[in-house]
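Here is a short briefing to read alongside the model. Keep the viewer open and follow the residues as they come up.

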Amino acid sequence: MEQSQQPQPAGSLSWRLSSHPITLLTFLAFRISSLLVYLFGVLLINSMVLIFIITILLLAGDFYYLKNIAGRRLVGLRWWNEVDGATGDSQWVFESSEPGTKVINATDSRFFWLALYSQPAFWVGLAILAIVRLKFIWLPLVAIALALTVTNTLAFSRCDKFSQASNLAGSALYSGNLAGSIASNMVGRLFTFGR
């Protein structure tokens, strides 16, 4: 008996439809692995130092890979910080691919934005869980994870705001315009703080 495979629509959550499947799978592996190591480590392993080190290394790898590779290849967005050597002023630079030069795959874009926005939410949930369980010793690790994931989330949201490259995650996560305007104002304040 032969099963007929129906073609999946563009933008569906199947890595097989990705233009860059290795980049996408590596991106998702970094995103998921830090959460799993922390979650199962807290529950199954008694060595806090081991869990802390492995989770920090995975978070650092995730931060680097997302910022420098996955963001550029999957959705055509990059960001970085430049420091003026003469004055010491910090300048955030947001870049997107030129319209028409790079076609953004809908599947890549959807995976990217959903993973980007869901990761900080999971870490907030784990912070609440640590507080409820009175495991305050884990809060520094969760705070570091939140700092890294929220920085990438805000920076890529800022890139997307300037480029209008994707609205898939925004429509999937926020039904009203109020949440988008609040997030936009928070991002603007973060990157213009102290000027």
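Let's start with a charged residue: arginine 31 counts as buried, at 2% relative accessibility (buried means under 20% relative accessible area, exposed over 50%, partly exposed in between, with a 1.4 Å probe and protein chains only). This is a predicted model, in which local features need pLDDT of at least 70 and side-chain atom pairs count only at pLDDT 80 or more, while totals for chains, interfaces and linings use all residues. Residues are numbered from 1 along each chain as its sequence is written, and side-chain values use heavy atoms, leaving out hydrogens and water.

**Salt bridges**

- The structure holds 2 salt bridges (a side-chain nitrogen of Lys or Arg within 4 Å of a carboxyl oxygen of Asp or Glu).
- In one of them, arginine 31 meets aspartate 62 at 2.8 Å, N to O.
- Arginine 31 sits in helix α1 and aspartate 62 in helix α2, so this pair ties together parts that are 31 residues apart in sequence (helices are DSSP runs of H or I, at least four residues; strands are runs of E, at least two; both are numbered from the N terminus).
- Aspartate 62 is buried too, at 3% relative accessibility.
- Arginine 78 and glutamate 95 also meet through their side chains in a salt bridge, at 2.8 Å, N to O.
- That pair links strand β1, home of arginine 78, to strand β2 (residues 90-96), home of glutamate 95, 17 residues apart.
- Arginine 78 is partly exposed at 31%, and glutamate 95 is partly exposed at 34%.

**Nonpolar cores**

- The largest nonpolar core has 20 residues, and those touching the most other members include Phe27, Trp79 and Phe156 (a core is a set of buried Ala, Val, Leu, Ile, Met, Phe, Trp, Tyr and Cys residues joined through side-chain atoms within 4.5 Å).
- Helix α2 supplies the largest share of this core, 6 residues.
- Beyond four places in sequence, tryptophan 79 touches ten residues' worth of partners listed here in part, among them Phe63, Trp92, Ala155 and Cys159 (contact means heavy atoms within 4.5 Å).
- A second, separate core of 13 residues includes Trp138 and Leu141.

**A polar residue in α4**

- Serine 157 lies in helix α4 and counts as buried, at 16% relative accessibility.
- Leaving aside neighbours within four places in sequence, serine 157 is in contact with Trp113 and Tyr117.
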